[in-house]
Amino acid sequence: MLPQKGHILDNGAGPGKYSVELAKNGYDVTLTDLNPRLLELAGEKAIELKLEEFFKGFHIADARNLDMFNDEQFDASIILGPLYHLQTSGDRDSAVQELHRVTKQDGIVFVAFMTRIRHLTTSLLYPQHWKPNDNIADINSFLETGIFNHLDEGRFTGAYYNNIEDIIPYMESQGFETIKLIGSSSIAGSFKQEQFEYWRSRGDEEFEEVMNLIYKESENPHILGVSSHLLYIGRRK
């Protein structure tokens, strides 16, 4: 889906996990994040792996305001974290509109979401780990708003969880053409090392077929609700 080469924005890049892989494949990458230390770590990793020529910039920036970049500057963009930490619709709109602005026409975007149904499942399974979702009143409130703020200090930061059926209409209303919506965990989400080792032991050809099956089923709409994250892939109109 990505062009064979090009300049990619990793918006909310953290320590550069995805940017490193893109650079290994010959893409130029520019990183943004609110946390300067995470950007430092990304830069250190680029040097360690001798990939620094592919890293075109490290910017301390808020996903809602990318005014350091020109319109249609990037061939493709990824935003794999910031959007589900923005709890108001206005903030989410700002981030998606900025993503649209800085991506070239027909450029591909990859956007991560988290879903209410999965977090409901997690809350019911482990209520003491996901306070305040340890009682039905707060669970019902969460299902109504999608907003979650952990009561335990130092735990998962404030987040917004989407209803699955809202994701595609929302992104299309912001000027994107949908390519696909996939579950990032998919049917392999519960795999442990032993499962991967078993299928590898059956030979490269069969392992490749298994992985292709997993990728194919990641698009199955019936499995999206059990995935910890969803990945929206779209084209900027």
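Q: In which helix do Glu40 and Arg37 both lie, and how many residues apart are they?
A: This is a predicted model, so everything here is computed from it. Follow the chain along and you'll find Glu40 and Arg37 about one turn of the helix from each other. The helix they share is α2, and the spacing is three residues.

Q: What N to O distance goes with the salt bridge between Glu40 and Arg37?
A: To count as a salt bridge, a side-chain nitrogen of Lys or Arg has to sit within 4 Å of a carboxyl oxygen of Asp or Glu. Arg37 and Glu40 meet that way through their side chains. Their N to O distance is 2.9 Å.

Q: Is Glu40 buried, partly exposed or exposed?
A: Buried means under 20% relative accessible area, exposed means over 50%, and partly exposed is in between. Glu40 has a relative accessible area of 45%, so this residue is partly exposed.

Q: Which residues are joined into one network by salt bridges that share partners?
A: Start with Arg37, whose side chain meets Glu40 in one salt bridge. Arg37 also meets Glu44 in a salt bridge, at 3.3 Å from N to O. Glu44 is partly exposed because its relative accessible area is 42%. Put those shared partners together and the network is Arg37, Glu40 and Glu44.

Q: How many residues apart are the salt-bridge partners Asp71 and Arg101?
A: The side chains of Asp71 and Arg101 meet at 2.8 Å, N to O. This pair links distant parts of the chain, with Asp71 in the loop between β3 and β4 and Arg101 in helix α3. Along the chain, their separation is 30 residues.

Q: How many salt bridges does the count come to?
A: The pairs we've met include Asp71 with Arg101 and Arg37 with Glu44. Apply the rule to the model and the count comes to 14.

Q: Why does Asp71 count as exposed?
A: The cut-off for exposed is over 50% relative accessible area. Asp71 clears that cut-off, so it counts as exposed, and its relative accessibility is 53%.

Q: Which residue in the loop between β3 and β4 has a positive phi although it is not a glycine?
A: Look in the loop between β3 (55-60) and β4 (74-79). One residue there has a phi of about 50°, and its relative accessible area of 36% makes it partly exposed. That residue is Glu72.

Q: What is the phi of Lys50?
A: Lys50 sits in the loop between α2 (36-48) and β3. With a relative accessible area of 67%, Lys50 is exposed. Lys50 isn't a glycine, yet its phi is positive, at about 55°.

Q: Is the peptide bond from Lys131 to Pro132 cis or trans?
A: Pro132 belongs to the loop between α4 (116-125) and α5. Going from Lys131 to Pro132, omega is near 15°. That peptide bond is cis.

Q: Which residue caps the N-terminal end of helix α5?
A: Helix α5 covers residues 136-145, and Gly146, with a positive phi near 80°, follows it. At the N-terminal end, a side-chain oxygen of the cap lies 3.2 Å from the backbone nitrogen of Ala137. The capping residue is Asn135.

Q: Which residues form a negative surface patch?
A: One member is Asp204, placed in helix α8 (residues 204-217). Asp204 counts as exposed because its relative accessibility is 68%. The full patch is Asp204, Glu205, Glu208 and Glu209.

Note on methods:
Residues numbered from 1 in each chain as written. Predicted model: local features only at pLDDT ≥ 70, side-chain atom pairs only at ≥ 80, totals over all residues. Heavy atoms only, no water. Patch = residues over 30% accessible without salt bridge, like charges linked within 9 Å, V, L, I, M, F, W, Y side chains within 5 Å. Areas by Shrake-Rupley, 256 points an atom, 1.4 Å probe, with all protein chains shown as cover. Lys, Arg positive; Asp, Glu negative; His and termini not counted. Charge placed at Lys NZ, Arg CZ, Asp CG, Glu CD. Helix = DSSP H or I, 4+ residues; strand = E, 2+ residues; numbered from the N terminus. Buried < 20%, exposed > 50% of the residue type's maximum accessible area, 1.4 Å probe, protein only. Polar contact = N/O pair within 3.5 Å; in protein donor to acceptor, adjacent residues only side chain to side chain.
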